Amino acid sequence: EAITATGRRIWVRAVGKAMRADDGDIVRVQGSIQDITRQKQVESTSIKVSRRLSTTLDSMGEAFFTLDNDLHFTYLNAEAARVLQRNREDLLGKMVWDEFKEAVGGTSWLEYGRSLRDKVMVSFEEYYPPLGRWFEVRCYPSDDGLAVYFHDITERKNARISLNQAHRAGVHLVITHLTGYVDEHGHAVQGGYLGGLAGLLGVRV
């Protein structure tokens, strides 16, 4: 950094070369000075933007990470590290399938590959056994690789499974109530509304 005659602070790059006499002694130095203030300002702005972006991504409630075109981790926010139960420093630069071998051949393995290959956004749900959790995943391709957003939907998934089981059990009870059943002697037992109605009409069901 230098100060000009007008008092302005500027960044400079100095390049010099020693000129030697025949006996090897340095007789002069010649070179040039280049004003790189604009370049330094751009670099400073880029660093500030990068820091703000990192802070924003870290404050997100949704887990987020990026992969390069060879599927190596290039960034993880704090929520991603928490959900995956891994340290960011241990994953950065590592290949995703080397670190999460149990996912190889699964939905994410197939969909990440499709997103990279076809340059399409993909979304899916997947169960990851080592963590015992369900995840909803959205994956966006770019020239630099993939941006992956995901969150834990285990509670929602379990609630849906319980609801489906309750629904099936309810349907079974309704059918039994309406149509009756066969007893241990093989005799048809009329039950419920349909059995009562059949008795009134004098017909078999």
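This briefing describes a sheet, its packing, its aromatic pairs and its salt bridges. The model is predicted. An open sheet of five strands, paired in the antiparallel sense, runs in the order β6-β5-β9-β8-β7. Helix α5 packs on this sheet. Across the whole structure there are eleven aromatic pairs, and the salt bridges come to nine.

**The sheet**

- Strands of a sheet pair through backbone hydrogen bonds, and the pairing is either parallel or antiparallel.
- In this structure, the five strands stand in the order β6-β5-β9-β8-β7 and pair in the antiparallel sense. β6 and β7 are at the edges with a single partner strand each, so one side of each has no neighbour in the sheet.
- On average, neighbouring strands of the sheet are turned by 25 degrees against each other, if direction is ignored.
- Seven bridges connect β7 with strand β8 (residues 133-142), and the two run antiparallel. Among the residues involved, Phe124 has Val137 in β8 as its bridge partner.
- Helix α5 packs on the sheet and touches β5, β7, β8 and β9. The direction of α5 makes about 160 degrees with that of β7.

**Strand β5 and its partners**

- How many of the residues of strand β5 (residues 63-67) are buried? Five of its five residues are, so the strand is mostly covered by the rule that buried means under 20% relative accessible area.
- Both faces of β5 are covered. Ala63, Phe65 and Leu67 are buried on one side, and Phe64 and Thr66 are buried on the other.
- β5 pairs with strand β9 (residues 145-152) over five bridges, in the antiparallel sense. Leu67 stands opposite Leu146 of β9.
- β5 is also joined to strand β6 (residues 73-76), by three bridges, and these two strands run antiparallel. Here Thr66 stands opposite Tyr75 of β6.
- β5 and β6 form a hairpin with five residues between the strands. In this hairpin, Leu71 takes a positive phi near 65 degrees.

**Aromatic rings**

- The search of the whole structure gives eleven aromatic pairs. One of them is Phe135 with Phe150, an edge-to-face pair with 5.9 Å from centre to centre and 80 degrees between the planes.
- Which parts of the chain does this pair link? Phe135 is in strand β8 and Phe150 is in strand β9, 15 residues apart, and the pair links these distant parts.
- Phe135 and Phe150 are both buried.
- Ring pairs also link Phe65, Phe73, Phe100, Tyr128, Phe135 and Phe150 into a cluster. Phe65 of this cluster is one of the buried residues of β5.
- Arg86 lies over the face of Phe100, 5.6 Å from the ring centre.
- Lys157 lies over the face of Trp134, 4.5 Å from the ring centre.

**Salt bridges**

- There are nine salt bridges by the rule used here.
- Arg114 and Glu111 form a salt bridge, with their closest N and O atoms 2.8 Å apart. Both residues are in helix α5 (residues 107-118), and they are three residues apart, which means a separation of about one helical turn.
- Arg114 is partly exposed at a relative accessible area of 32%, whereas Glu111 counts as buried at 16%.
- Arg117 and Asp118 meet through their side chains in a salt bridge, with 3.4 Å from N to O. Arg117 is exposed, with a relative accessible area of 60%, and Asp118 is partly exposed at 40%.
- Glu125 forms a salt bridge with Lys157, and the closest N and O atoms are 2.7 Å apart. Glu125 lies in strand β7 (residues 122-128) and Lys157 in helix α6 (residues 154-179), so this pair ties together parts that are 32 residues apart in sequence.
- Is Lys157 buried or exposed? Lys157 is buried, with a relative accessible area of 13%, while its partner Glu125 is partly exposed at 28%.
- A network of salt bridges links Glu125, Glu136, Arg156 and Lys157. Lys157 thus has two roles to note: it belongs to this network, and it lies over the face of Trp134.

Definitions and conventions: Residues numbered from 1 in each chain as written. Predicted model: local features only at pLDDT ≥ 70, side-chain atom pairs only at ≥ 80, totals over all residues. Heavy atoms only, no water. Salt bridge = Lys/Arg side-chain N within 4 Å of Asp/Glu carboxyl O. Helix = DSSP H or I, 4+ residues; strand = E, 2+ residues; numbered from the N terminus. Buried < 20%, exposed > 50% of the residue type's maximum accessible area, 1.4 Å probe, protein only. Pairing = 2+ DSSP bridges. Axes fitted to C-alpha atoms, helices over the stretch in contact; angles between N-to-C directions. Contact = heavy atoms within 4.5 Å. Phe/Tyr/Trp six-rings, centres within 6.5 Å; stacked < 30°, edge-to-face > 60°. Lys NZ or Arg CZ within 6 Å of the ring centre and 35° of its normal.
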